Amino acid sequence: MSIEDGPRALSFQPKLFANASQKKAVSISELFKQLKKLSKELNGLEQETVDTQSLDAVTRQLLAPSLLRHKEAGVVAYVSCCIADILRLYAPEAPYSDDEIKEIFNVFIDQLQLLGDADNQFFALREYLLSSLATVRTPALVAMQPDAEETISRFFTELFGVVSPGQPHNIQMQILDVLQQLVEEPKTVPQDVVDVILVQFTKRRQQDNPAAYQLASDLATNTADVLQKYIYQYFNDVIVSAAQQRAGGTLDDLRAAHRLILELNRAAPGTLLNVVPQLEEELSVEDVEIRELATSVLGEMFGEKGFTLAKRYEATWKAWKGRRADASAQVRVQWIERAAALYQHQPQLARELNAHVTEKLNDVDERVRVAACQALGQLEMGAATQGALGDDVIAALGERCKDRRPGVRAEAIVALATMYSQVADELEQSVAARRKWGGIPSTIFELRYVNDVDIDSKVESIMTGAILNFAKMRDDRTRCRRLLLVFDSLTAKAQNGFFSYMQRQRDIIRLTDSFLELCERDASEVAAEQQQRALAAKISQCFPDRAKLESGLLQLAGLRDSEVCQGLRQTMDAHSDMRLVRRCQKSALKRLSSLAPNLLDPTAPLWKCVGLTTINRGLVPPLIENASARGQAQFRTAADALLAYVAKVFPEMLELSKDELFAVDELQASEPGAVEERLALMVRFAKSVPGAVPRSTELENRLAALVRTGTAVQAKRAAFVVTQMAGAEALCGALCGDLAGSLNGDQFTAAALAALSRFAQHAPAAYATYADRVGQFVVQTVLRGAETDNAGGDADWVERAALGDAGVACVYAVKLLARWLAGAERAGVTREAAQLVVGALRQLVRNGGALQARGGAGRSALAQHLELAAAAGLLRVAGR
């Protein structure tokens with residue numbers, strides 16, 4: 001029906017009462033029938049076309065107490081819906097008095113508080129009522145009432161109580177609409193309403209009813225311009241009250257209020273427009289606890305809203321930054337904790353703080369320095385965080401690793417290592433990342449020079465964890481690559497520090513092995529018990545809490561449990577691979593836990609130290625591969641250095657991989673340097689594990705070829721390896737003969753003399769046949785021939801390689817004489833030969849590198865090298 005057709009009247013006039021007094025309703029069944037029909041027709045009427053005069057009778061009837069307070073819930077639900085429709089049709093005016101409006105809305109609230117029961121048969125009626133209130137904006141009628149505070153407060157209490165996570169979204173949105181009207185329409189918002197809204201932001205309420213928290217967040221955001229002054233007044237009252245009660249009291253209420261500020265900042269920051277300046281004022285009050293609280297809260301707020309908040313409140317941001325210099329260490333601790341968190345949450349803002357954070361890392365108070373290290377160590381190193389952290393901060397954190405206070409040192413080491421563990425995977429791909437973070441391992445391993453057991457123990461605990469991060473890697477190749485990446489980044493000083501930690505581990509392993517042997521002896525041996533005590537004391541000296549570890553070791557010995565002892569021994573056995581080390585360690589500790597759980601903590605530093613999880617036999621094959629010619633050139637030097645140290649400290653590991661180490665293919669590489677490096681590794685192995693050099697025809701032939709035709713370095717190293725082969729005496733003799741035969745007239749090479757010097761020292765029996773002839777040749781031809789090259793004034797010292805082949809040959813000639821005399825059996829050396837050699841060496845020393853005195857003439861570079869070699873040779877002979 002259109003407007004042109006005229007007003008539409010209510011056609012149905014219900015019979016709701018049994019008599020004219022309206023005190024008694026008709027029967028329930030008839031009442032439901034009448035109300036249902038009435039509700040349906042009212043629902044179909046439109047505000048623009050309805051004849052409101054036709055509604056007058058029903059409008060008054062529905063207010064009868066016998067209906068509004070009917071004992072049947074369904075009757076009240078239908079009546080409420082009918083009245084809601086009447087209010088819709090009469091809008092914007094209402095056909096009721098103020099008292100009647102108040103009564104009606106209390107009935108509405110009674111119905112709405114039942115919305116939590118979605119299974120109720122009248123749920124649809126209550127949902128319709130809510131929808132009508134939200135759509136028609138009927139709650140505005142309550143807001144205009146002179147004493148509406150109680151009704152409005154009841155709306156908030158009941159609706160926040162009825163909302164729940166499982167409710168349909170449309171119901172939650174309609175509740176939000178109703179409450180928003182009740183905030184926006186009244187001239188003033190009741191304090192009870194503000195309290196109800198704010199309580200939803202407490203942590204407990206968030207956990208109990210997250211839907212109510214979300215409703216409060218949305219409501220506060222949508223009505224922020226209205227709520228600002230009330231929230232400001234709320235916090236102002238709390239602050240004033242706290243100040244009045246401060247004498248001898250606590251700040252519990254104030255702390256609760258500040259926690260509430262944080263929650264509002266997360267959910268509805270627009271409500272805090274006037275509260276932030278209040279917090280700024282708290283930064284400068286005399287009360288330390290209040291300054292501390294304000295510093296913490298503002299720091300968190302900047303961390304959540306960051307750049308936007310700092311720019312909006314520039315004065316507050318500046319004042320907050322100034323708290324870094326607060327007279328109280330407690331305030332400075334709060335400041336650095338929040339400032340460091342900005343690197344992760346607001347990296348753009350944190351860039352302004354690098355100099356200030358560096359300043360706090362150098363704070364005079366230990367607590368502040370500890371807090372700074374801890375806070376930085378807790379950062380998640382995303383790309384933005386990495387970009388925000390300044391190089392000066394990282395450098396200052398590195399300096400704290402050497403702090404005079406052990407607590408600061410420990411936290412700084414852990415923080416640096418934790419940072420490195422998070423960025424390590426990026427170092428291979430990013431030059432910028434290597435430049436910024438690659439120096440961290442050097443900083444940590446250089447701490448070995450401090451020579452402090454606290455630092456050593458801490459570094460050992462994080463070495464395989466945060467730095468190498470082996471636990472997250474499944475195979476030895478991956479672990480090896482990480483080890484090479486770390487080692488390759490180390491400075492020379494840090495590499496020595498790393499090796500020193502390996503040597504320390506080896507030393508403690510030896511002591512522990514001796515201790516375990518005593519543990520397995522007969523308990524009645526008094527000497528064994530005394531030795532146990534001595535060894536326990538010696539081991540404990542290597543760790544921070546000496547008394548605790550020493551007592552734990554002695555109690556461990558008292559258990560005399562073979563399973564625990566065997567497990568500990570296997571974790572430090574060079575023959576155990578990574579998997580076996582971890583399995584044995586886990587099994588032994590589980591056994592120890594069942595026998596004496598009180599010993600787990602005291603002995604933990606020893607278990608961590610001796611477990612071979614940094615350098616392990618499983619890493620040797622991939623290290624050998626990386627050191628070979630087919631390995632990456634980037635890591636070849638690092639792999640060679642590591643293998644060299646393994647050969648020195650844990651030669652047993654190399655012995656298990658000697659087939660790969662002595663692979664002939666590696667001696668046939670086209671690059672001379674690669675062959676020299678592999679030969680150097682073979683030499684180290686031969687020295688570390690005597691008699692273990694493998695022998696094969698192919699290997700002998702290749703080594704012999706290198707002795708005859710290789711470079712000086714290749715020839716001398718190959719010669720040494722041959723001398724260490726069991727049963728290779730004949731090959732040594734043949735090679736000596738070939739090399740001696742090549743010394744003819746002016747024809748001689750540095751390679752031949754270098755190789756002969758090794759045979760002279762390490763295979764004197766094979767060399768003896770040619771000793772006199774070679775000795776005469778060296779003195780009469782090589783060294784006397786070098787006299788002409790020694791003319792001229794004093795020259796600057798140069799490396800041996802710069803002397804040229806002839807000069808290098810002269811140096812090896814001097815070494816050959818000394819090595820032969822030092823290595824030969826006394827019975828095999830004639831008096832004349834000994835006099836020839838010693839005389840020549842003495843002359844070289846006396847005459848500054850020449851066999852004959854040259855008056856005041858200066859010394860050439862070659863003469864300097866010859867003098868040095870001769871002096872070293874005399875010492876070698878004298879020490880024989």
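**Loops, rings and helix contacts**

Arg560 is found in the loop between helix 31 (546-559) and helix 32 (562-571); a helix here is a DSSP run of H or I, at least four residues long, numbered from the N terminus. The model is a predicted one, in which local features need pLDDT of at least 70 and side-chain atom pairs pLDDT 80 or more, while totals for chains, interfaces and linings use all residues. Residues are numbered from 1 along each chain as its sequence is written, and side-chain values use heavy atoms, leaving out hydrogens and water.

What makes Arg560 worth a look is its backbone: phi is near 50°, a positive value in a residue other than glycine. With a relative accessible area of 36%, Arg560 is partly exposed (buried means under 20%, exposed over 50% and partly exposed in between, for a 1.4 Å probe and protein chains only). Asn469 is another case, with a positive phi of about 55° although it is not a glycine. This asparagine belongs to the loop between helix 27 (453-467) and helix 28, and Asn469 is buried, at a relative accessible area of 15%.

A further backbone feature turns up at Pro92, where the peptide bond from Ala91 is cis, with omega near 10°. Pro92 is placed in the loop between helix 4 (73-90) and helix 5 and counts as exposed, at 68% relative accessibility. Setting aside neighbours within four places in sequence, Pro92 is in contact (heavy atoms within 4.5 Å) with Gln47 and Leu141. Val722 is a long way off: the C-alpha atoms of Pro92 and Val722 are separated by 111 Å, with the two positions 630 residues apart along the chain.

Aromatic side chains pair up in many places, and the structure holds 19 such pairs (ring centres within 6.5 Å, using the six-membered ring of Trp; planes under 30 degrees apart are stacked, over 60 edge-to-face, the rest tilted). One of them joins Phe32 and Phe122, which are stacked at 6.1 Å centre to centre, with 5° between the planes. Phe32 comes from helix 1 (residues 28-44) and Phe122 from the loop between helix 5 (98-112) and helix 6 (123-136), so this pair ties together parts that are 90 residues apart in sequence. Phe122 itself is buried, at 14% relative accessibility.

The pair of Phe487 and Phe499 looks like this: the ring centres are 5.3 Å apart and the planes meet at 45°, so the pair is tilted. Phe487 lies in helix 28 (residues 476-489) and Phe499 in helix 29 (residues 492-519), so here the tie is between parts 12 residues apart in sequence. Both Phe487 and Phe499 are buried. They also belong to one aromatic cluster, formed by Phe445, Phe487, Phe498, Phe499, Tyr501 and Tyr645.

Rings also take part in charge stacking (NZ of Lys or CZ of Arg within 6 Å of the ring centre and within 35 degrees of the ring normal). Lys493 lies over the face of Tyr449, at 5.0 Å from the ring centre. For Arg800 over the face of Tyr812, the corresponding distance is 5.4 Å.

Turning to helix packing, helix 9 (residues 169-184) and helix 12 (residues 210-222) meet at an angle of about 45°, with their axes 10 Å apart. That angle makes helix 9 oblique to helix 12 (under 35 degrees is roughly parallel, over 145 roughly antiparallel, 65 to 115 roughly perpendicular, the rest oblique; angles run from 0 to 180 degrees between N-to-C directions of axes fitted to C-alpha atoms over the stretch in contact). Helix 9 brings Gln172, Met173, Ile175, Leu176, Leu179, Gln180, Val183 and Glu184 to the contact, and helix 12 brings Ala211, Leu215, Asp218, Leu219 and Asn222.

In another packing, the axes of helix 21 (residues 366-377) and helix 24 (residues 406-427) come within 8 Å and cross at roughly 15°. Helix 21 is therefore roughly parallel to helix 24. Contact residues of helix 21 are Glu366, Arg369, Val370, Cys373, Gln374, Leu376 and Gly377; those of helix 24 are Gly407, Val408, Glu411, Ala412, Ala415, Thr418 and Met419.

One last residue is Gln334, which is placed in helix 18 (residues 329-345). Gln334 counts as buried, at 14% relative accessibility. Not counting residues up to four places away in sequence, Gln334 touches Glu292, Thr295 and Ser296.

Note on methods. Helices (H or I, at least four residues) and strands (E, at least two) are DSSP runs, numbered from the N terminus.
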